[in-house]
Structure formats: structure tokens, C-alpha cells
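Hi,

Here is the structure I said I would pass on. Have a look at it first, and my notes on what turned up follow below.

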Amino acid sequence: DVCSSDLADIVSTTEMTVFAMLAGNFYVGSGTYFRTLALAFKIAKVPEMGFLAEIDFTVGKGNQQQVLTAGGFIGLDATGTISIGLSIDSPKPWKNPFGINGVEVLFPLGIEVGVHVSLTALTKFSFFGGMQIGGAHGKIAIGLDLTDFTKTAFKGEVGGLNM
């Protein structure tokens, strides 16, 4: 079955976001599948529209294989800000990534940037992710609104440190 999909229109009443979504497994080749393609319209104080996609792919060899889901979006809001986001997720940590022994990448990982079209300036930046090296592990999430620093958010977690 090369393409099994459902066409769905979903309305989320909490944020008033309307999706036109094509979901399923669309085989691309070499163990790679498109999972979701969607067009979204957000009806809010600052209206927004965007496009998002997810793709599954496999990295690693032999018993080190890991299936990852990469997601991305691009959006434009009524203020003229273009937002671009990328993320990678997996149900389990990626052990020894790229052959680096003793390291585990904890999921999800992601980055988002926003650029105001008329100002040609970066207006927002955020990233999140985690890593484990030996018994020590940590996660971090930072969100910066470069036009209003009172809207900046930071969250971090560290564990497994033996001192």
C-alpha cells in the first residue's frame, strides 16, 4: 500500500484553528514516509495561516537504527511576522548518535524563529532539547520575544550529577 490517507477538516474550538489535513503514510523511498501535510488558519486576535508537514525516516545501522519524525512549519500572521519551525521527535532516546559512545539525545528537539517582513529583523527565537552523557542528563527550553522581553520564557532541568 503506497498511499493510505484520510482527508480531514478539523476545527479546534480552544484556539479556533481550522486545519485542512492530509494524514497517512505516503511512501517516499528508502524507508521514508510523509505522515502529515496540513494547511492551518488561526482565527484569533492576531490571525495567522501556515503550512506544516511531518516525515518519518530512519538513521543508524543494524541494532542502532532509530526511527525519527521530523516536523516543520512555516506561518505568516497579520502583523507581517513569518515563523519557521523545525522539530525532531522519537519515542525513545537516540543512543550513540553518529557513533559517539556514551551519549544519548533526548527527544523532542526543536527550533523556531520569527522574522518580521517589513522590519527584516528577527522578532522571536526559541529552541528546546535534551541530552544524556553517562548518568548526567539535562533538558532546556528557551523562548525569546525580541520585541518584548517580558514575554521571554526559560525552563531547564539537570539530573544525575554526582559531586
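A hairpin links β3 to β4, with 5 residues making the connection. Strand β3 covers residues 32-42 and strand β4 residues 48-59; they run antiparallel and are joined by 9 bridges. If you want a spot to start from in the viewer, try Y33, which sits opposite D56 in β4.

Before you go further: this is a predicted model, so keep an eye on the confidence. The average pLDDT for the protein is 76, and 86% of the residues score at least 70. Strand β1 (residues 3-12) has the lowest confidence, with a mean of 30, while strand β11 (residues 153-159) has the highest, at 87. Across residues 1-14 the pLDDT is below 50, and in the model that stretch makes 29 contacts beyond near neighbours in sequence. I'd go easy on those contacts, because predicted coordinates should not be read in detail where pLDDT is low.

On the overall picture, the protein has 11 strands and 0 helices. There are 163 residues, and 26% of them are buried. The accessible surface is about 10,600 Å², with 64% of that belonging to carbon and sulfur atoms. As for contacts between residues at least 6 apart in sequence, 28% join residues at least 24 apart.

The strand I kept coming back to is β8. Which strands pair with β8? Strand β6 (residues 81-89) does, running antiparallel to β8 with 8 bridges between them. Within that pairing, G85 has E112 in β8 as its bridge partner. Strand β7 (residues 94-95) also pairs with β8 in the antiparallel sense, over 2 bridges. Then there is strand β9 (residues 121-133), again antiparallel to β8 and joined to it by 11 bridges. One bridge there has I111 facing its partner F127 in β9.

Now for V105, which is in β8. Is V105 buried or exposed? With a relative accessible area of 10%, V105 falls under the 20% cut-off, so V105 counts as buried. In strand terms, W94 stands opposite V105. Those two are 11 residues apart in sequence, yet their C-alpha atoms are 5.1 Å apart in space. Leaving aside neighbours within four places in sequence, V105 touches P93, W94, P97 and G130. V105 and W94 also belong to the largest nonpolar core, a set of 5 residues completed by V59, L68 and F107.

F107 has something else for you to check: the peptide bond between F107 and P108 is cis, with omega at about 5 degrees. P108 itself lies in strand β8, residues 103-116.

Last item, the aromatics. How many aromatic pairs does a search of the whole structure find? Just 1. The pair is F125 with F127, and the geometry is tilted: 5.8 Å from centre to centre, with 55 degrees between the planes. Are these rings buried or exposed? Neither, strictly: F125 has a relative accessible area of 25%, which makes F125 partly exposed. F127 comes out partly exposed too, at 30% relative accessibility. F127 is also the residue I mentioned above as the bridge partner of I111.

That's the lot from me. Shout if anything looks odd when you open it.

Cheers

Definitions and conventions:
Residues numbered from 1 in each chain as written. Predicted model: local features only at pLDDT ≥ 70, side-chain atom pairs only at ≥ 80, totals over all residues. Heavy atoms only, no water. pLDDT = per-residue confidence, 0-100. Helix = DSSP H or I, 4+ residues; strand = E, 2+ residues; numbered from the N terminus. Contact = heavy atoms within 4.5 Å. Phe/Tyr/Trp six-rings, centres within 6.5 Å; stacked < 30°, edge-to-face > 60°. Buried < 20%, exposed > 50% of the residue type's maximum accessible area, 1.4 Å probe, protein only. Core = buried A, V, L, I, M, F, W, Y, C linked by side-chain atoms within 4.5 Å. Pairing = 2+ DSSP bridges. Areas by Shrake-Rupley, 256 points an atom, 1.4 Å probe, with all protein chains shown as cover.
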